[in-house]
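Dear colleague,

Please find below the structure that I promised to pass on to you. My notes on what was found in it follow directly after.

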Amino acid sequence: MKIKMNEGFKRLKGNYVFADIRKKIAEKESKNLIDLSVGDAAYPIAKVVGEAMKKAADEMSGENFKGYPPASGYPFLKTAIKNYYIRKGVEVSESEVFVSDGAKSDIKRIVELFGDLTVTIFAPGYPPQYDCAALNNKKIEIIDLSKDLFVPNVNRVSEKPRLIFLCSPSNPCGTVISKAVLKGFVDYALKTSSMIVYDSAYADYIGIDYLKSGGVFCPYEVDGARKCVIEIRSLSKFASFTGIRCGWSVVPSELVTGGMRVSDFYTRKLSSEFNGVGYIVQRGAEAALSTEGEEYSKIIINIYLDNAYSLAKLLKTRGVKFFGGENSPYVFFEKPLSWGKIAAFDYLFNKFGIAVTPGEGFIAFGKDYARISCLKRKEEFFKALRILEKAF
Ligand code: PLP
């Protein structure tokens, strides 16, 4: 065959970072190995979610069978999403909500909405931001977060219209974007006709104290954001939906480019390529976003946050430089000098049987760092902590 593959493949790194780590873990075949690399949910979905999905499955095998769902989501889920925002003091209308099969797919769909432009990515960052832009043959500008304590700095972005990815709390850095910093980006975007894609996959990890003292739960709390920000949300780390697959994006009605509403393009795009999220999953998502579902999520999130807090405490006492550890399930640490030349992953993996994710895996500028995921059951995480006490 002589068919040309997408040129964008040439710009991708060899393997997706987690595929490499999984291979190493599989090869080691050790029962004592503790995997703190991948950010997957460790606790099951809430009972209320399971019950809702069972009921929906019964409907599907009876009189109430449903076929194709609406491409942007069932009205009942959009209303649940709207009510979830209302509980946080944010107003979003049902017509602005686009239900999806997860935030990763939405990153791709949103990048594809736009024509020839530069995509700005802050790194270390979530790899699909880079990969999706590369596969869509976009120009990519990568900005080094390590120069700014791993918080995006708008002054490093050159003044031209562009698509800017922000992620808060950050995967992998664990840092959070304050309202003041976000306001700087919104002002920049309005001034330069740029668009911001704001990944809020971990927004529910931001504690009330930070929200009261300068944080935001949702980008639309910032004046002007409805004119320039698309928000991406995920139920994966909020409600253990990593294996169920559901999230959503908010495309505000004020988001207009070239005199056209972006949400109209998005609706058109979905109708071409997406047949929506299954009824059973959407009923589960509705239950996850109910007050009962949210109560359960808070309990689980607090366990993960406790894990992160305990790890941060250990690193502080050992004088290790790190970021995250609060308002986030991730801790991003600099390899201690005492470990010598060996890479952080190899040091912890070979000597202590703990898998972490090398900082290099997060697009760029993460070389001397590694990420520890605290999305683990309490007992297992504390077992890992006892080992890490010896390692650091
Ligand atoms: N965005 C960020 C920042 C993430 O860390 C992840 C998953 O790790 C996702 C999006 C993917 O979310 P989903 O499972 O909804 O596709």
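**Rings, charges and the ligand**

Arg233 lies over the face of Phe217, and the distance to the ring centre is 4.3 Å. Please keep in mind while reading that this is a predicted model. Phe217 also belongs to a cluster linked by ring pairs, together with Tyr84, Tyr85, Phe238 and Trp248. A further charge is placed over a ring at Phe76, where the charged end of Arg283 sits 3.6 Å from the centre.

The aromatic pairs come to a count of 25. One of them is formed by Tyr74 and Tyr279, which meet edge-to-face with 5.4 Å from centre to centre and 80° between the planes. Because Tyr74 lies in the loop between helix H2 (47-60) and helix H3 (75-87), while Tyr279 lies in helix H10 (residues 279-288), this pair ties together parts that are 205 residues apart in sequence. Tyr74 counts as buried, since its relative accessibility of 11% falls under the cut-off of 20%, and Tyr279 is buried as well, with a relative accessible area of 3%.

Another pair joins Phe323 and Tyr369, and here the arrangement is tilted, with 6.4 Å from centre to centre and 50° between the planes. Phe323 is part of strand E11 (residues 322-324) and Tyr369 is part of strand E15 (residues 369-373), so the pair ties together parts that are 46 residues apart in sequence. Phe323 is buried, with a relative accessible area of 12%, and Tyr369 likewise counts as buried, at 8% relative accessibility.

Turning to the ligand, there are 13 residues around it, of which Asn171, Asp199, Tyr202, Ser234 and Ser236 come nearest. The residues of this shell divide into five nonpolar, four polar and four charged. Among the polar contacts, a side-chain N or O atom of Ser234 is 2.7 Å from an oxygen atom of the ligand, and a polar side-chain atom of Ser236 lies 2.6 Å from a ligand oxygen atom. Lys104 contributes through its backbone instead, with an N or O atom that lies 3.0 Å from an oxygen atom of the ligand. Taken alone, the ligand exposes 390 Å², and the protein buries 92% of that area. The elements that give two or more residues to the shell around the ligand are helix H4 (103-113) and helix H8 (236-239).

With kind regards

How values were computed
Residues are numbered from 1 along each chain as its sequence is written. This is a predicted model: local features need pLDDT of at least 70, side-chain atom pairs count only at pLDDT 80 or more; totals for chains, interfaces and linings use all residues. Side-chain values use heavy atoms; hydrogens and water are left out. A residue is near a molecule or strand if one of its heavy atoms lies within 4 Å of it. A polar contact is a pair of N or O atoms within 3.5 Å; within protein, one must be able to donate a hydrogen and the other to accept it, and residues adjacent in sequence count only if both atoms are side-chain atoms. Accessible areas come from the Shrake-Rupley method with a 1.4 Å probe; for residues, only the protein chains shown count as cover. Helices (H or I, at least four residues) and strands (E, at least two) are DSSP runs, numbered from the N terminus. Ala, Val, Leu, Ile, Met, Phe, Trp, Tyr, Cys and Pro count as nonpolar, Asp, Glu, Lys and Arg as charged, and the others, Gly among them, as polar. Rings of Phe, Tyr and Trp (its six-membered ring) pair if their centres lie within 6.5 Å; planes under 30 degrees apart count as stacked, over 60 as edge-to-face and the rest as tilted. Buried means under 20% relative accessible area, exposed over 50%, partly exposed in between (1.4 Å probe, protein chains only). A charge sits over a ring if NZ of Lys or CZ of Arg is within 6 Å of the ring centre and within 35 degrees of the ring normal.
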